[in-house]
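Work through the two exercises below with the model open. Each has a task and a stepwise solution.

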Amino acid sequence: MATDGFRFVDLFAGLGGFHVALSELGGKAVFAAEWDPTLNSLYEVNFGLPAWKDVNDLGTSATIAQAVPDHDVLTAGFPCQPFSKAGEQLGFSHTLQGQLFFRVLDILREKRPRYFILENVPNILRHQNGLTLETMKRELKALGYHVDVKKFSPHEFGVPQIRERAYFVGSLSSTHITWPTPARTGTDVASVLDADASPPRAIPEQTQHAINMWDDFLRRSPKTTKLPSFPIWSMEFGADYPFEDATPPALWDEGGAAELNDYRGVFGAGLTGLTREEQFSLIPSHSRRAGDFSFPRWKKTFISQNREFFWDNRSWIVPWMEQWRPWDLPSSLQKFEWNAQGGRRTIDDYILQVRASGLRVKRTTTAPSLIAMTQTQVPILGANLVGARRYMTPSECARLQSLDEISLPTSDLQAYKALGNAVNAKVVQAIAEPLIAEMYSRADFQHDQHEDQVA
């Protein structure tokens, strides 16, 4: 092998989080692959190594043998969308992305590196009731690797971001994988912020309105009232349509609109005398999906908790509703997640994130997980943190991924997306360090080094 350290390959490289981590441990990248044109070009800019485009083009064993140099460590953050809870969860049946794990297997089979490190979303461990995990481990073990899997998050290694990911580590030479011990030191998002940063775009007016609305909700809440730890679904305030033994779709299917007469829908809107179509618009989206003839336990619990909270606190919630008219906002902004129990009830003290599940408020000890799905989910910093509410900049988000020393795409949209897909370099370095130490201690590795020097 190489005389100047170990060699590694970087598959589905993205921004190069694996490259940053392993190069800091003395490794040298000998092959990389990234299909996105912008990130493919940027990889060479950042690391001086032209990246292969599509691993599917490696095709045959002969092509792999010719195109991919021998290496000690294979790394791959293969696409997570087929296994993510945010996607369709098609897994290996996904015609393109779901099959890319098997391209990794092809390279492992042909090149036989000593170790591999794979990364994906934690849902891959539960996907299809564990069958996906079982398949992956079986296929990797069939190649002769001892395989182990653990979940880690950057906040466990001193980086202020909660972003749990599953890491698969394999070894040809050892039956025991040494994992890092998380330090769990205190973190604060202030460590990654630029005091004078200018955000690339303004917060949309509608989002600002929703933030102000929920800030007023916090201020109106009596100090003696414990705010819910469950997600607040304000559309359930005043509603009483059936949800436990029956559901709106089941009742419509059974007897039409008349079945919901004398009930109330979103924000207490009456359903009596309305057509089915009119009633449909007044039932929350989470309770009107076709075929939902019974609700799961968790949904029943959330609906019940929200209705009970409303009736216990209607003296101040009703005036809040009348002033802010939350029904004029999209469903996602009608929901609220307060993750700062016991903290000051001032929304600008915290970090915010707009998600499909609602406007989420988090303490500054950790930033929300960076998400690649949409630009609107970039964390928002409260005014008391940086002077005025603003989105985190791409540079600040790069620090959350321990990638602050590389160049990012010039488009803020592309930068946010790439960072949301990136692997955290500090977490990878912590995982790789004991593997590299073990490799350097092995006599067969030292022998290979000596032969290279002689050659």
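The model is a predicted one.

**Exercise 1. The lining of a pocket**

Task: Determine which helix supplies the largest share of the lining of the second largest pocket, and how the lining divides by residue class.

Solution.
1. Locate the pocket: the second largest one has a volume of about 590 Å³.
2. Collect its lining, which consists of 30 residues. Those nearest the centre are Gly14, Glu34, Trp35, Leu39 and Asn421.
3. Assign lining residues to elements. At least two come from each of α2 (37–47), β4 (115–120) and α12 (412–421).
4. Find the largest share: α12 supplies it, with five residues.
5. Sort the lining by class, which gives 14 nonpolar, ten polar and six charged residues.

**Exercise 2. The sheet and a helix packed on it**

Task: Establish the strand order of the six-stranded sheet, name its edge strands, and describe how α5 packs on the sheet.

Solution.
1. Follow the pairing from strand to strand: the order is β2-β1-β3-β4-β6-β5, in an open sheet with mixed pairing.
2. Look for strands that pair on one side only; these edge strands are β2 (28–32) and β5 (146–152).
3. Average the twist between successive strands, which comes to 20 degrees.
4. Examine one pair: β3 (residues 73–76) runs parallel to β4, and four bridges join the two. Within this pair, leucine 74 is opposite phenylalanine 116 of β4.
5. Add helix α5 (residues 131–142), which packs on the sheet and touches β4, β5 and β6 (165–171). The directions of α5 and β5 make an angle of about 140 degrees.

Note on methods
Residues numbered from 1 in each chain as written. Predicted model: local features only at pLDDT ≥ 70, side-chain atom pairs only at ≥ 80, totals over all residues. Heavy atoms only, no water. 1 Å grid on protein atoms, 1.4 Å probe; cavity = no way out; pocket = protein on both sides within 12 Å on 5 of 7 lines; lining within 4 Å. Nonpolar A, V, L, I, M, F, W, Y, C, P; charged D, E, K, R; others polar. Pairing = 2+ DSSP bridges. Axes fitted to C-alpha atoms, helices over the stretch in contact; angles between N-to-C directions. Contact = heavy atoms within 4.5 Å.
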